[in-house]
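Colleague: Could you take me through one part of this model in some detail? I'd like to hear about the packing inside and whatever sits against it.

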Amino acid sequence: MEAISHAGTVLGVLARDGVVLAAEKKVTGKLLDLSGVKEGGYGGSGEKIFSLNANVVAGVAGITADANSLVNYARQAAQRHLLHYNEDIPVELLAQRLCDLKQGYTQYGGLRPFGVSLLYAGYDPHYHFQLYHSDPSGNYSGWKATCIGANSGTAQSLLKQEYKEEMGVEDAVALVLRVMSKTMDSTTLGSEKLEFATLTLDPVTKQPKAKIYKPAEVDALLQKQGLGKKEDTETR
């Protein structure tokens with residue numbers, strides 16, 4: 001829990017027609033080579049936000065190495081379900097699968113618990129859009145809006161004041177970025193410190209569509225919300 005409380009903030013907001021996730025990346029040094037990230041592999045650098053399945057995206061806070069292990073386990077669980085039942089895994093069931101594994105690691109000698117919390121943003125046809133949070137003990141809970149990681153107390157109180165039941169994705173994006181700008185340690189928001197994802201329904205196929213934003217898209221989104229870097233606009 002201590003590792004999680006020092007990790008970069010991860011924020012999730014459930015909207016009427018989608019779910020929004022944002023995560024703060026801890027930039028470890030100026031000499032870090034981010035060129036591969038800028039050109040954009042799948043969904044940016046994949047340090048904090050991961051795609052678990054076609055209908056589930058997760059944000060992680062805590063020990064990233066532990067998170068990688070859990071993300072791989074979750075992806076396999078989702079694919080096994082798809083193979084057996086020919087349909088995407090329900091979000092809560094995937095959270096349960098991961099929590100069963102996490103709980104086992106708190107129980108047996110010679111093992112240490114996974115030092116990571118996850119926020120799951122997902123969709124299934126019965127309960128539609130959902131947002132779950134799980135912690136190292138194996139507990140999980142459903143939320144309308146929540147935050148994990150550093151400064152999560154501040155973010156929670158801001159969300160309590162500003163969250164509205166029937167908000168759409170556009171409003172949720174604006175709310176998430178506003179709260180992140182107030183809770184992140186850095187003075188300016190930029191793609192090198194922020195990862196962003198949305199889960200919505202494709203208007204044509206009516207299937208869930210997860211979008212993990214590439215760095216350039218994150219910067220464009222911040223400029224649109226008036227939260228981007230001021231120097232960039234001047235140099236352009």
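Modeller: Here's a walk through the main core and the helix that follows.

Bear in mind that this is a predicted model, where local features need pLDDT of at least 70, side-chain atom pairs count only at pLDDT 80 or more, and totals for chains, interfaces and linings use all residues. Residues are numbered from 1 along each chain as its sequence is written, and side-chain values use heavy atoms, with hydrogens and water left out.

The largest nonpolar core has 47 residues, with Leu11, Val13, Leu21, Val176 and Phe196 making the most contacts inside it. Such a core is a set of buried Ala, Val, Leu, Ile, Met, Phe, Trp, Tyr and Cys residues joined through side-chain atoms within 4.5 Å; buried means under 20% relative accessible area, exposed over 50%, partly exposed in between (1.4 Å probe, protein chains only). Helix 6 (residues 169-183) gives the most to this core, 8 residues. Helices are DSSP runs of H or I, at least four residues, numbered from the N terminus.

Now zoom in on Phe196: leaving aside neighbours within four places in sequence, its contacts (heavy atoms within 4.5 Å) include Val173, Val176 and Leu177, plus Val218 and Leu221.

Those last two also turn up among the buried residues of helix 7 (residues 215-224), along with Pro215 and Leu222. The four cover an arc of only 120° around the axis, so they sit on the same side of helix 7; the arc is that of the directions from the helix axis to the C-beta atoms. On the other side, Ala216 and Lys224 are exposed. After helix 7 comes Gly226, with a positive phi near 75°.
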